[in-house]
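Here is an informal walk through one structure, strand by strand and then out to the ligand. Keep the viewer open as you read.

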Amino acid sequence: MYQGIAERLLDISSKVHEACRQAQRSEKDVKLVAVSKLQPIDVINQAYALGINNFGENYAQELAKKSLACPKDIIWHFIGPIQSNKVSLIAKHANWVHSIDREKIAKKLNEVLENEGKKIHALVQVNIDKEDSKSGIPPEEAVDFVNELMSDYPSLMLEGLMFMPKINVSNKAKMDTMNKIIDLQKLLLTKIPSCTHLSLGTSSDFEESILAGSTILRIGESLLGKR
Ligand SMILES: *Cc1c(COP(=O)(O)O)cnc(C)c1O
């Protein structure tokens, strides 16, 4: 059966509603970011017309192009790996950046933002499963790294952590990872109470992520369709 974005949004919303009920959390505390990487602008406009106004992009040039072409009140989240030569584009076009994991990039981003007189919401990406193929800093370094960025780079508004756990693993492995994330988030909040955000959960694990305390879901294909 053909399903459009509206039908998929209803389906996701009801799953979010149910997971929030189970977790005894308010739905207001869970933000939905529609991951629009590699999707045409038309798809973004369709989702926007349904009331979605947070979108996630992985590639700086694509972000720049789309932010210029789409409605101005869209809030753009940069969620991909950050290359040094793309920092200016990201600073200019994103409102949030989820994928900070290197001092060098944070420094450069802060410099560009200062010149533009702009601040950005920032999250530190953590490589929770310590996969070689993935970006992110090791979990045991996360709290110190956030602290350091907060004191050195005032144009980055540090608000929490971002995770991209392994998918296609056993339920047991998934649970172990979610528990590690919960523990790290608790530790972070005791050391830095203002870091209230947790960017966690994609099409394949957003319900578990809500149970683990996610405040920002990054959902691509199950909402906007195949890319
Ligand atoms: C692509 C991507 C997503 C969305 O994944 P889906 O499986 O399409 O929901 C979320 N987070 C990051 C960092 C991504 O690169």
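How many bridges join strand S3 to S4, and do the two run parallel or antiparallel? Two bridges join S3 (residues 75-78) to S4, and the strands run parallel. Bear in mind that this is a predicted model.

**Around strand S4**

Let's stay with S4, which spans residues 96-100 and is mostly covered, with five of its five residues buried. On the S3 side, phenylalanine 78 has valine 97 of S4 as its bridge partner. To get from S3 to S4, the chain passes through helix H4 (residues 87-93), and this β-α-β crossover is right-handed.

On to strand S5 (residues 120-126): three bridges join S4 to S5, and these strands run parallel. Here isoleucine 100 has valine 124 of S5 as its bridge partner. The chain takes helix H5 (residues 103-116) on its way from S4 to S5, again in a right-handed β-α-β crossover.

**Valine 124, up close**

Valine 124 sits in strand S5. Is valine 124 buried or exposed? Its relative accessible area is 0%, so valine 124 is buried. Skipping neighbours within four places in sequence, valine 124 is in contact with ten residues' worth of company that includes His98, Ile100, Phe145, Leu158 and Met162. Its C-alpha atom is 9.8 Å from that of leucine 198, although the two residues are 74 apart along the chain.

**The nonpolar cores**

In soluble globular proteins, nonpolar side chains tend to be buried together. In this model the largest nonpolar core has 62 residues, and those with the most contacts inside it are Ile100, Leu156, Leu161, Phe163 and Leu223. Helix H1 (residues 5-23) gives the most to this core, with six residues. Another core, of five residues, lies apart from it; Trp96, Leu123, Met162 and Ile216 are among its members.

Which residues does leucine 156 touch, leaving aside its neighbours within four places in sequence? Leucine 156 is in contact with Ile100, Ala106, Leu109, Asn110, Leu113, Ile120 and Ala122.

**Strand S8 and the loop before it**

Strand S8 covers residues 216-219, and the loop between helix H8 (206-211) and S8 holds serine 214. Serine 214 counts as buried because its relative accessibility is 0%. Its side chain reaches the backbone oxygen of leucine 200 at 2.6 Å. Beyond its neighbours within four places in sequence, serine 214 is in contact with Arg25, Asp29, Val30, Leu198, Leu200 and Ser209.

In S8 itself, Ile216 and Arg218 point one way while Leu217 and Ile219 point the other way, and all are buried. Four bridges join strand S1 (residues 31-35) to S8, and the pair runs parallel. Alanine 34 has isoleucine 219 of S8 as its bridge partner.

**The ligand**

Which of the 13 residues around the ligand come nearest? They are Lys37, Asn58, Ser203, Gly220 and Arg227. The table gives some distances to oxygen atoms of the ligand.

| Residue | Atom on the protein side | Distance to a ligand oxygen |
|---|---|---|
| Lysine 37 | side-chain N or O | 2.7 Å |
| Glutamate 221 | backbone N or O | 2.8 Å |
| Arginine 227 | side-chain N or O | 2.8 Å |

So much for the tour: lysine 37 and arginine 227 reach the ligand with side-chain atoms, and glutamate 221 does it with a backbone atom.

How values were computed: Residues are numbered from 1 along each chain as its sequence is written. This is a predicted model: local features need pLDDT of at least 70, side-chain atom pairs count only at pLDDT 80 or more; totals for chains, interfaces and linings use all residues. Side-chain values use heavy atoms; hydrogens and water are left out. Buried means under 20% relative accessible area, exposed over 50%, partly exposed in between (1.4 Å probe, protein chains only). Two strands pair if DSSP finds at least two bridges between them. A crossover is right-handed if, with the strands pointing away from the viewer, the path from the first strand over the helix to the second runs clockwise. A nonpolar core is a set of buried Ala, Val, Leu, Ile, Met, Phe, Trp, Tyr and Cys residues joined through side-chain atoms within 4.5 Å. Contact means heavy atoms within 4.5 Å. A residue is near a molecule or strand if one of its heavy atoms lies within 4 Å of it. A polar contact is a pair of N or O atoms within 3.5 Å; within protein, one must be able to donate a hydrogen and the other to accept it, and residues adjacent in sequence count only if both atoms are side-chain atoms.
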